[in-house]
Amino acid sequence: MTSEIGSSPRGATTAWDDEEAPKGQDQLKLAGFFVGGGLYGIDIMRIKEVIQSAPYPTRPVPHAPPIIEGVITLRGVVIPVIDLRKRFNVEVDDAAIPFNKLIIVSVKGRIVGLKVDKVLGELRVDADEVRPAPSMLSASIGDDGEDFFSGVCKIENDVVFVVNLDGLIGSTSGSDRSR
């Protein structure tokens, strides 16, 4: 992970030590990150690594879905890069591009890079605090019927959208190839 892990969003408090969490309560460990002004989280166990985006030139792929920015080569492995700003319909901020991070994750047996604005670090959330994502937040567009978000929770005044990687990535391959 990067050196940014451990900073907290907008003054949020999180349980950083096992001693701070009440005993007997299941906790989810999420990796928090920002895309635009939104705070998102993914299961920390799905992350392979977090890298700075700038040193890895992204090469475009002809006829790829619009959210696929291209591919990078990381230690000899070609990895597709999905720009989450495009995926979440957030306007691209050219000033933030030099600071973008790539979260390398495993999805359905594939390694994929998720381009985000800023990686926040580990967020620990009590499992019973995560609510199902409202049906209005359903953003799946493929035939697989999976949603982008598996849940929503609050950390102080911030809402964290828990990303469903399988739903997020699953609908990139299919009928969404119009360019």
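A polar contact here is a pair of N or O atoms within 3.5 Å; within protein, one atom must be able to donate a hydrogen and the other to accept it, and residues adjacent in sequence count only if both atoms are side-chain atoms. The structure is a predicted model, with pLDDT of at least 70 needed for local features and 80 or more for side-chain atom pairs, while totals for chains, interfaces and linings use all residues. Residues are numbered from 1 along each chain as its sequence is written, and side-chain values use heavy atoms, with hydrogens and water left out.

With that settled, Asp 117 is a good place to start. Its side chain makes a polar contact with the side chain of Asn 100, at 3.5 Å. A polar atom of the Asp 117 side chain also lies 2.6 Å from the backbone nitrogen of Gly 36. The residue belongs to the loop between strand E7 (110-116) and E8; helices (H or I, at least four residues) and strands (E, at least two) are DSSP runs, numbered from the N terminus. Asp 117 counts as buried because its relative accessibility is 11%, buried being under 20% relative accessible area, exposed over 50% and partly exposed in between (1.4 Å probe, protein chains only). Leaving aside neighbours within four places in sequence, Asp 117 is in contact (heavy atoms within 4.5 Å) with Phe 34, Val 35, Gly 36, Arg 85, Phe 99, Asn 100 and Lys 101.

Now for the chain as a whole. It has 2 helices and 10 strands, running β-β-β-β-β-α-β-β-β-β-β-α from the N terminus on. Of its 179 residues, 44% count as buried.

Five of the strands make an open sheet of mixed pairing, in the order E8-E1-E2-E10-E9; two strands pair if DSSP finds at least two bridges between them. Strand E8 (118-126) and strand E9 (149-155) sit at the edges with a single partner strand each, so one side of each has no neighbour in the sheet. Strand E2 (residues 38-43) and strand E10 (residues 158-163) run parallel and are joined by 3 bridges, with Gly 41 partnered by Val 162 in E10. E9 and E10, by contrast, run antiparallel, with 6 bridges, and Val 152 stands opposite Phe 161 in E10. Edge strand or not, E9 is mostly covered, with 5 of its 7 residues buried. The hairpin of E9 and E10 has 2 residues between the strands, and Glu 156 takes a positive phi near 50° there.

E6 is largely enclosed by the rest of the structure, because 6 of its 7 residues are buried. It pairs antiparallel with E3 over 5 bridges and with E7, also antiparallel, over 7. Ile 103 of E6 stands opposite Val 50, and Leu 114 in E7 also has Ile 103 opposite. E6 and E7 form a hairpin with 2 residues between them, where Lys 108 in the turn has a positive phi of about 50°.

Ile 103 and Leu 114 turn up again in the largest nonpolar core, which has 27 residues; these two and Ile 42 have the most contacts inside it. A nonpolar core is a set of buried Ala, Val, Leu, Ile, Met, Phe, Trp, Tyr and Cys residues joined through side-chain atoms within 4.5 Å. Strand E1 (27-35), E2, strand E3 (47-52), strand E6 (101-107), E7 and helix H2 (165-170) each supply at least two of the core residues. Apart from this core lies another, of 11 residues, among them Leu 39, Leu 120, Leu 123 and Val 130.
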